[in-house]
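Walk through the fold, the ligand site and a few individual residues of this model. The account starts with one loop residue and then widens.

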Amino acid sequence: MRLKKIPISLILGILISTLLLFGCSSDQSATDSKDSTVSDKTTTGASAEELKSFTKEELAKYDGKDGNPAYIAVDGTVYDVTDVPQWKDGMHADKYEAGKDVTNELNTQAPHSASKMDGVPVVGVYAG
Ligand code: HEM
């Protein structure tokens, strides 16, 4: 009789602990995954909203002349080329001027690809 009682209480104890542990851990992982989904969305939304939109007239102010910063638009993105040596004083290859959308010139006249824009700071989007 004594031998029978010990295993039953042991089994019951293990069963209850297992159920409690399983219930708690699955609750936590459900909460964790919800949290990360929410923060992912917030981060993406915030960074998109921070980008300034430039009209043709606004972009024209950033020509790199007289101490102005030098910005160019390529494929709808506005880049800050002020500190790019090849765009000194807002001029590139003696013929291209900052403050403009130079997408067509880059695609049709440059001996290099748009990969030259990699790593150049992005300051906004171009609205035209
Ligand atoms: C940050 C952006 C850019 C950088 C760092 C850059 C850099 C260079 C460099 C190093 C060259 C010498 C040749 C070579 O390495 O392929 C070059 C040539 C050239 N680039 Fe760019 N470039 C940039 C953007 C542009 C854009 C947006 C255009 C279009 C307007 C452009 C048009 C040209 C042209 C036409 C040449 C040939 C110039 C000549 O041989 O007379 N580049 N560029």
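In which loop is aspartate 89 found? Aspartate 89 belongs to the loop between strand S3 (77-80) and strand S4 (91-92), where helices (H or I, at least four residues) and strands (E, at least two) are DSSP runs, numbered from the N terminus. The phi angle of aspartate 89 is near 55 degrees, a positive value in a residue other than glycine. Aspartate 89 counts as partly exposed because its relative accessibility is 49%; buried means under 20% relative accessible area, exposed over 50%, and partly exposed in between (1.4 Å probe, protein chains only).

The model is predicted: local features need pLDDT of at least 70, side-chain atom pairs count only at pLDDT 80 or more, and totals for chains, interfaces and linings use all residues. Residues are numbered from 1 along each chain as its sequence is written, and side-chain values use heavy atoms, with hydrogens and water left out.

The protein chain has 3 helices and 6 strands. Along the sequence they follow the pattern α-β-α-β-β-β-β-α-β. Of the 128 residues in the protein chain, 20% are buried. Among contacts (heavy atoms within 4.5 Å) with a separation of 6 or more, 66% join residues 24 or more positions apart.

Next comes the interior. In soluble globular proteins, nonpolar side chains tend to be buried together. A nonpolar core is here a set of buried Ala, Val, Leu, Ile, Met, Phe, Trp, Tyr and Cys residues joined through side-chain atoms within 4.5 Å. The largest such core has 13 residues, and Ile72, Val74, Tyr79, Val81, Trp87, Met117 and Val120 touch the most other members. A second, separate core holds 6 residues, including Phe54, Tyr71, Ala73 and Tyr126. Leaving out residues up to four places away in sequence, valine 74 touches Tyr79, Asp101, Val102, Thr103, Leu106 and Met117.

One of those partners, threonine 103, lies in helix H3. Threonine 103 counts as buried because its relative accessibility is 12%. Not counting residues up to four places away in sequence, threonine 103 touches Ala73, Val74 and Asp75.

Helix H3 (residues 103-109) also leads to the ligand: with 3 residues, it gives the most to the surrounding shell. How many residues surround the ligand? The shell has 17 residues, and the closest are His92, Tyr96, Leu106, Pro111 and His112; a residue is counted if one of its heavy atoms lies within 4 Å of the ligand. The ligand sits in the largest pocket. On a 1 Å grid over the protein atoms alone, a pocket is an open set of points where a 1.4 Å probe fits, with protein on both sides within 12 Å along at least five of seven lines. A molecule sits in a pocket if more than half of its atoms lie within 2 Å of the pocket's grid points.

Two histidines make polar contacts with the ligand, a polar contact being a pair of N or O atoms within 3.5 Å; within protein, one must be able to donate a hydrogen and the other to accept it, and residues adjacent in sequence count only if both atoms are side-chain atoms. For histidine 92, a polar side-chain atom lies 2.7 Å from a nitrogen atom of the ligand. For histidine 112, an N or O atom in the side chain is 2.7 Å from a ligand nitrogen.

Where does histidine 92 lie in the fold? Histidine 92 is in strand S4. Histidine 92 counts as buried because its relative accessible area is 18%. A polar atom of its side chain lies 2.9 Å from the backbone oxygen of glutamine 86. Not counting residues up to four places away in sequence, histidine 92 touches Gln86, Trp87 and His112.

Alanine 93 lies in the loop between S4 and strand S5 (96-97). Alanine 93 has a positive phi of about 55 degrees although it is not a glycine, and it counts as partly exposed because its relative accessibility is 48%.

The path returns to aspartate 89 through glycine 64, which is in the loop between helix H2 (56-60) and strand S2 (71-74). Leaving aside neighbours within four places in sequence, glycine 64 is in contact with Pro69, Ala70, Asp89 and Gly90. Glycine 64 counts as buried because its relative accessible area is 11%.

Methods:
On a 1 Å grid over the protein atoms alone, a cavity is a set of points where a 1.4 Å probe fits but cannot get out, and a pocket is an open set with protein on both sides within 12 Å along at least five of seven lines; lining residues have an atom within 4 Å of a point.
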